[in-house]
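Here's a quick tour for anyone who likes to look at side chains and helix packing. Have the viewer open and follow along.

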Amino acid sequence: MWYDYRFCAYPDRTGVAAEAERHIDIHRQAYNHTRYEYNALDTDEDNIGSAYQHQKRLTEWKDEWSVFSEVHSKALQKTVERFYDNLSNLSEKKQNGHKVGWLKWKPPREYQSVTYSQSGFELKNTSGRTATLWLSKIGDIPIRYHRPIPDNATIKEVTLKKETTGEWYVTFGLEVEDTTLPEKPDVDDLDAEDCVGIDLGITNYIYTSDGDSVDWLNLSDEYERLRREQRNLSRKEHRSNNWKKQRREVAKVKRRIKRKVEDFQHKLTTWLVKTYDAVFVEDLNVSGMLQQRGNARNKQDAAWRGFINMLEYKGDLYGTHVVQVNPAGTTKECAECGVETEKPLWVREHSCPSCGFEADRDANASYNVLSRGLRELGLGQAEVTPVETATAVETDGGRSSSVPASRVIETGSLGVVRKTESSVMTRDEVPRTT
């Protein structure tokens, strides 16, 4: 298993920031030269066409241009590999029917990172809140060591990056042997009460088959500030010093929005994988949704694909089954009898004309996700007991079934607000296997 840990870095404190920037620029030139040779040389005669083949040319580069000898050899190989990874991603998008262009020449402001793979780095002085990262031919870089690297993880890659805001970050690529991860519960021993279906909703960020819902993040203040900063940027002379300064202010606001979304998702996904033995979620085509007409910004803020990816890797870390199910028809299909009913978006309640089952629209979808997830694991068809219609904001015993997103951020967990009963469906009425 592979995942990343990110830390703030402070190369200015040891005076190596300028050297780090120089190394990054050399790698940018190597990237651009890889692109040039791929376009200009014959694939067969000049031994290019793949990262492995092209890396063999690095010796010739160093003989012809001594500047390439000033950077670490493994990092230089990774830069060549980076070009071919980008090429593969572009090719994959084209095969999926997207209209794509060609990989462009990288100017300095668009190439701001360097990756060391396998060797050329060492993490030192990890006993306190500050540690030191040594990078070959660059030097020691202090980092804010706010969380330790897990004992069962091996550092395979280190990426040093300077953000548009001017801040530096270090990302460790960690590899964990599957044998050291906690074992997931045996599928045959799973209880439906310990499983949950999640509907990625419209009025709520998520709605679970246990009746819990979490509101959307309120980012209105952040977006209002972003609009102001972008207006100020548009008034500056392009590429002037004031323009560059204002561009950093815009980047800071965007970074704040991204951090708030990621922090919210991390806390929410951690709660889910710690609470349940199996989590079922819709396999959404997020990129396709963003291309549809509608409020694309809200869809992007939801970052559902990132949310699903977090669920998957945290499921491995905490020993929880995470299964993606086909999302088609989860809203239309009745969770009790399976009859599909067309519902426009403004209809927020499900009322089946066939069997009379009534529930909140998102609750019905979450039951269907749970049933499909159980079938994916081979546990049979789930049954839902009909209940009276109830919306996500109604209360039961004075407690709301809807959790504000701000509380997720403040507490870092939904455990303190978890209900023993749901206003939509009680624990005894949760779908069971037959």
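What follows is a short walk through a predicted model, going from the whole chain to ring pairs, helix pairs and a few single residues.

## The chain as a whole

Let's start with the big picture. The chain has 434 residues, and 44% of them count as buried. Its secondary structure comes to 11 helices and 19 strands.

How do the contacts spread along the sequence? If you take contacts between residues at least 6 apart in sequence, 68% of them join residues at least 24 apart.

## Tyr 31 and its ring partners

The aromatic pairs add up to 18. One of them is Tyr 31 with Phe 83, which is edge-to-face, with 5.8 Å from centre to centre and 75° between the planes. That pair ties together distant parts of the chain: Tyr 31 belongs to helix α1 (residues 17-40), Phe 83 belongs to helix α4 (residues 73-95), and 52 residues separate the two. Why does Tyr 31 count as buried? Because its relative accessibility is 1%, and the cut-off for buried is under 20%. Phe 83 is buried as well, with a relative accessible area of 0%.

Tyr 31 also pairs with Tyr 111. Here the ring centres are 5.6 Å apart and the planes are at 50°, so this pair counts as tilted. Again distant parts of the chain are linked, since Tyr 111 lies in the loop between α4 and β2 (113-117), 80 residues away from Tyr 31 in helix α1. Both Tyr 31 and Tyr 111 are buried.

## Thr 79, next to those rings

Now look at Thr 79, which has its place in helix α4. With a relative accessibility of 3%, Thr 79 counts as buried. Which residues does Thr 79 touch, leaving out those up to four places away in sequence? They are His 27, Ala 30, Tyr 31 and Tyr 111. So Thr 79 has contacts with both tyrosines of the tilted pair.

## A ring cluster and two charges over rings

Another spot for ring fans is a cluster in which ring pairs connect Tyr 3, Tyr 5, Phe 7, Tyr 145, Phe 172 and Tyr 313.

Two arginines are worth a click too. Arg 6 has its charged end over the ring of Tyr 169, 4.0 Å from the ring centre. Arg 13 does likewise with Tyr 10: its charged end sits over that ring, 4.0 Å from the centre.

## Helix α6 and its two partners

Helix α6 (residues 241-275) packs with helix α5 (residues 220-235) at an angle of about 165°, and the two axes are 9 Å apart. Angles over 145 degrees count as roughly antiparallel, so that is the label for α5 and α6. Their crossing is left-handed. On the α5 side, the residues that meet α6 include Tyr 223, Leu 226 and Leu 233, and on the α6 side they include Trp 243, Val 250, Val 253 and Ile 257.

α6 also packs with helix α9 (residues 304-318), this time at about 40° and with the axes 9 Å apart. That angle makes α6 oblique to α9. This crossing is right-handed. Residues in contact here include Leu 268, Leu 272 and Val 273 from α6, along with Phe 307, Met 310, Leu 311 and Tyr 313 from α9. Tyr 313 is a name you've met already, as a member of the ring cluster.

## Two partly exposed residues

Back to helix α4, where Gln 77 has its place. Buried or exposed, or in between? Gln 77 counts as partly exposed, at 27% relative accessibility. Leaving out residues up to four places away in sequence, Gln 77 touches Gln 55 and Leu 58. The C-alpha atoms of Gln 77 and Lys 56 are separated by 9.1 Å, with their positions 21 residues apart along the chain.

Last stop: Arg 407, found in helix α11 (residues 405-411). Arg 407 is partly exposed too, at 38% relative accessibility. How far is Arg 407 from Phe 264 in space and in sequence? From C-alpha to C-alpha they are 9.7 Å apart, while in sequence they are 143 residues apart.

Technical notes. Residues are numbered from 1 along each chain as its sequence is written. This is a predicted model: local features need pLDDT of at least 70, side-chain atom pairs count only at pLDDT 80 or more; totals for chains, interfaces and linings use all residues. Side-chain values use heavy atoms; hydrogens and water are left out. Rings of Phe, Tyr and Trp (its six-membered ring) pair if their centres lie within 6.5 Å; planes under 30 degrees apart count as stacked, over 60 as edge-to-face and the rest as tilted. Helices (H or I, at least four residues) and strands (E, at least two) are DSSP runs, numbered from the N terminus. Buried means under 20% relative accessible area, exposed over 50%, partly exposed in between (1.4 Å probe, protein chains only). A charge sits over a ring if NZ of Lys or CZ of Arg is within 6 Å of the ring centre and within 35 degrees of the ring normal. Axes are lines fitted to C-alpha atoms, for helices over the stretch in contact, and angles run from 0 to 180 degrees between N-to-C directions. Angles under 35 degrees count as roughly parallel, over 145 as roughly antiparallel, 65 to 115 as roughly perpendicular and the rest as oblique. A crossing is left-handed if the near helix is turned anticlockwise from the far one by less than a right angle, and right-handed if clockwise. Contact means heavy atoms within 4.5 Å.
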